[in-house]
Amino acid sequence: MSPAAAVITVSDRSARGERADTSGPIGVAALRAAGFDCDDAIIIPDGADEVERALRETLQRGIRLIVTTGGTGIGPRDRTPEGTARVLDRELPGIAEELRRRGAAEKPAALLSRGLAGVTGNALIVNLPGSTAAVTDGIRLVLEIAHHALGQLEGEDHR
């Protein structure tokens, strides 16, 4: 059985139907291609409370890998990291640092991302910025470590 994954797009405009979600489908397609069982992206408005609620609801469905897109910057409503922090048991700062490092090699503004990564229970959660380029690049890193991280959360030996 394939591990279950989910993508949550955090965007006021997409949640209101004013703009199509272009980032979420990129993450979904990559996860599916890597063998994860993944429904279409969930779209929610910006805000820490909304992010926390969506993460908790997704975790209750038994999802093992959750990738968020959007809300990681410094805009007035960018609160994805704050909502995520409320759910995480342990942060994995190396993932977030590597996402910023790789992103900044292409675009220095990537350093403005405040995204988090970490675990709660037996699930891995990673915040990606909302741009299509950031998701395209960031999902590669997520997929490089996801199976190993999920195995570790189940008590598997190091590979």
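Modeller: Let's fix one term first: contact means that heavy atoms lie within 4.5 Å of each other. Keep in mind, too, that this is a predicted model.

Colleague: Okay, let me try that on a residue. Which residues is Ser 14 in contact with, leaving aside its neighbours within four places in sequence?

Modeller: There are four of them: Arg 19, Ala 20, Asp 21 and Ile 43. Take Ile 43, which is 29 residues from Ser 14 along the chain, yet their C-alpha atoms are separated by 6.9 Å.

Colleague: And is Ser 14 buried or exposed?

Modeller: The cut-off for buried is under 20% relative accessible area. Ser 14 has 10% relative accessibility, so it counts as buried. You'll find Ser 14 in helix H1.

Colleague: Let's zoom out. How many helices and strands does the chain have?

Modeller: It has 6 helices and 7 strands. If you walk along the sequence, they come in the pattern β-α-α-β-β-α-β-α-β-α-β-β-α. To ask about compactness, we hold the radius of gyration against a rule for globules: here the chain gives 14 Å and the rule gives 15 Å for 159 residues, which is close, so the chain is as compact as a globular protein of that length.

Colleague: What other whole-chain numbers can I look at?

Modeller: Along the principal axes, the C-alpha atoms fill a box of roughly 45 × 35 × 30 Å. Of the 159 residues, 45% count as buried. The chain exposes about 8,000 Å², and 51% of that comes from carbon and sulfur atoms. You can also sort contacts by how far apart the partners sit in sequence. Among contacts with a separation of 6 or more, 75% are between residues 24 or more positions apart.

Colleague: Now a helix. How far apart are the end C-alpha atoms of helix H5 (residues 93–106)?

Modeller: The idea is to count 1.5 Å a residue and compare. The 14 residues of H5 should span 20 Å, and the end C-alpha atoms are 21 Å apart, which agrees.

Colleague: Which residues of H5 are buried?

Modeller: Ile 95, Ala 96, Leu 99 and Gly 103 are. Look down the axis of H5 and these buried residues fall within an arc of 95 degrees, so they line one face of the helix. On the other side, Glu 97, Arg 101 and Ala 105 are exposed.

Colleague: What covers the buried residues of H5?

Modeller: The cover includes strand S6 (117–120), strand S7 (123–128) and helix H6 (132–153).

Colleague: Let me try the same reading on helix H2 (residues 24–33). Which residues are buried there?

Modeller: In H2 they are Gly 24, Gly 27, Val 28, Ala 30 and Leu 31. Around the axis they cover an arc of only 165 degrees, which puts them on the same side of H2. They pack against strand S1 (4–10), strand S2 (37–38), strand S4 (65–69) and H6. After H2 comes Gly 35, with a positive phi near 95 degrees.

Colleague: H6 keeps turning up. Where is Val 142, and what does it touch?

Modeller: Val 142 sits in helix H6. Its relative accessible area is 0%, so Val 142 is buried. Not counting residues up to four places away in sequence, Val 142 touches Leu 65, Val 67 and Val 126. For a distance to check on screen, try Val 142 to Ala 117: 25 residues apart in sequence, and 9.8 Å from C-alpha to C-alpha.

Colleague: What about polar side chains? What joins the side chains of Asp 12 and Arg 77?

Modeller: A polar contact pairs N or O atoms within 3.5 Å. The one between Asp 12 and Arg 77 is 2.8 Å. Asp 12 is in helix H1 (residues 12–15), and with 14% relative accessibility Asp 12 counts as buried. Beyond its neighbours within four places in sequence, Asp 12 is in contact with Pro 45, Asp 46 and Arg 77.

Colleague: And which atom does the side chain of Ser 11 reach?

Modeller: The side chain of Ser 11 reaches the backbone nitrogen of Ser 14 at 3.1 Å. Ser 11 lies in the loop between S1 and H1, and a relative accessible area of 5% makes Ser 11 buried. Setting aside neighbours within four places in sequence, Ser 11 is in contact with Arg 19, Ile 44, Pro 45 and Asp 46.

Key:
Residues are numbered from 1 along each chain as its sequence is written. This is a predicted model: local features need pLDDT of at least 70, side-chain atom pairs count only at pLDDT 80 or more; totals for chains, interfaces and linings use all residues. Side-chain values use heavy atoms; hydrogens and water are left out. Helices (H or I, at least four residues) and strands (E, at least two) are DSSP runs, numbered from the N terminus. The expected span of a helix is 1.5 Å times one less than its number of residues. Buried means under 20% relative accessible area, exposed over 50%, partly exposed in between (1.4 Å probe, protein chains only). The arc is that of the directions from the helix axis to the C-beta atoms. The radius of gyration is taken over C-alpha atoms; the globule rule is 2.2 Å times the number of residues to the power 0.38. Accessible areas come from the Shrake-Rupley method with a 1.4 Å probe; for residues, only the protein chains shown count as cover. A polar contact is a pair of N or O atoms within 3.5 Å; within protein, one must be able to donate a hydrogen and the other to accept it, and residues adjacent in sequence count only if both atoms are side-chain atoms.
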